[in-house]
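Student: I'd like to learn how to read a model like this one. Can we go through it together?

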Amino acid sequence: MTDKRIEKVLEILTRTYGNNPWNWHTRQTPFQVLIGTVLSQRTRDEKTDEAAKALFARYSSPEMLAAAPVKEIARLIRSANYYNTKAQRIKEISKIILERHGGDTPDTISDLMGLPGVGRKTASCVLLYGFKKKALPVDTHVHRISNRIGLVTTQTAEQSEGELWKVIPEKYVIFYNELMVKHGQRVCKPISPQCPKCPIVQYCNYGIKREKLD
Ligand code: SF4
C-alpha cells in the first residue's frame, strides 16, 4: 500500500472517530491504566470501566491494593470477566510494584511484562495511555483490521506490530490503536464487516475486492 493511501486511511478515520480515548480507564494514572487494562482482558469496555470505577473509588493506589483483601477486590470488580483471577493478579501486581519498583509503575515493556497477567499488548497500552509514549498495542481486532485494509500482510498480532511500526506515519502512532479499536467496534466487525457503510472502503483492499464481487 502506498504512503499516500495509508495517510488517507488514517486521516479519514481520525476525522470520523476523533483521537481522544473513549474509555474511562485509559484516561487515568499509569497505575490505574495498568490495572484497568488487566480488567479489560476478555471484558467489554463498559464492564471494564464499571469495574475500574468501583475499584478505584475504594482503592486507588498500589499501597492500598497491596493491603486490600482479595475477596474485597473481587467483589468490587465483579462486573469484569474472570474477576476472581484478576483480583489475585491485581493484588500481586500492586505488591511487586511496591517491592521491586518503589511504588512507581514501570515504564518499559520488559519491566511491565514481568508483572503477572501482563502481556505485550497490556504493556503497550500502559506505555501509550498511561505514559503517553509511542507504542502500538495490537490485539486480535487491530491485527484483523490492519490486514483487511492491507496495511500489513501478517499471520499473528506480534508480526503485525512489527510491520505496523514500519508503515504507520509517526504522527499517527499514538492514535493508531484507538482508531482501529473504534473502527472495529462500529464498522469493521469481526464476522460481518459493514463495508458498504465504511468511510475508507475505497482505500481498503478487502472493501475494494468486495465491491467488485457485488
Ligand atoms: S471496507 Fe470493510 S473490511 Fe475494509 S475497513 Fe471498511 S469495514 Fe473493514
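Tutor: Sure, and let's settle what a helix is here, since we'll need it for Arg42: helices are DSSP runs of H or I with at least four residues, numbered from the N terminus. Keep in mind that this is a predicted model. With that, look just past the end of α2: Arg42 takes a positive phi of about 55° there.

Student: How many helices and strands does the protein chain have?

Tutor: Count the DSSP runs and you get 12 helices and 0 strands. Reading along the sequence, the pattern is simply α-α-α-α-α-α-α-α-α-α-α-α. As for overall size, the radius of gyration is 18 Å, close to the 17 Å from the globule rule for 214 residues, so the chain is as compact as a globular protein of that length.

Student: And which domains does the assignment give?

Tutor: A domain can be built from separate stretches of sequence, and here domain 1 is 3-20 + 136-213, while domain 2 is 30-104. Their centres, taken over C-alpha atoms, are 31 Å apart.

Student: Back to α2, then. How many of its residues are buried?

Tutor: For burial, you count neighbours: 20 or more other C-beta atoms within 10 Å makes a residue buried. By that test α2 is mostly covered, with 10 of its 11 residues buried. Among them are Phe31, Val33, Leu34 and Leu39. The buried residues pack against α3, α4 (62-67), α6 and α8.

Student: Which residues have the most contacts inside the largest nonpolar core?

Tutor: Think of a core as buried nonpolar residues linked through their C-beta atoms. The largest one has 51 residues, and those with the most contacts inside it are Leu39, Leu55, Ile73, Ile77, Ile90 and Val126. Several helices each supply at least two of its residues, including α1 (3-17), α2 (30-40), α8 (120-130) and α11 (170-186). Domain 1 and domain 2 each give this core at least three residues. Val126 is a nice one to click on: setting aside neighbours within four places in sequence, its contacts are Pro30, Val33, Leu34, Thr37, Thr105, Leu112 and Phe131.

Student: Last thing: which residues are closest to the ligand?

Tutor: To read a ligand shell, list the residues around it and then sort them by class. Here 13 residues surround the ligand, and Cys188, Cys195, Cys198, Cys204 and Gly207 are the closest. The elements giving two or more residues to that shell are α9 (140-149) and α12 (205-213). Sorted by class, the shell has 10 nonpolar, 2 polar and 1 charged residues.

Terms used: Residues numbered from 1 in each chain as written. Predicted model: local features only at pLDDT ≥ 70, side-chain atom pairs only at ≥ 80, totals over all residues. Near = placed C-beta within 6 Å. Nonpolar A, V, L, I, M, F, W, Y, C, P; charged D, E, K, R; others polar. Core = buried A, V, L, I, M, F, W, Y, C linked by C-beta atoms within 7 Å. Buried ≥ 20, exposed ≤ 12 C-beta atoms within 10 Å, placed from the backbone. Domains from an automatic or database assignment. Contact = placed C-beta atoms within 7 Å. Rg over C-alpha atoms; globule rule 2.2 N^0.38 Å.
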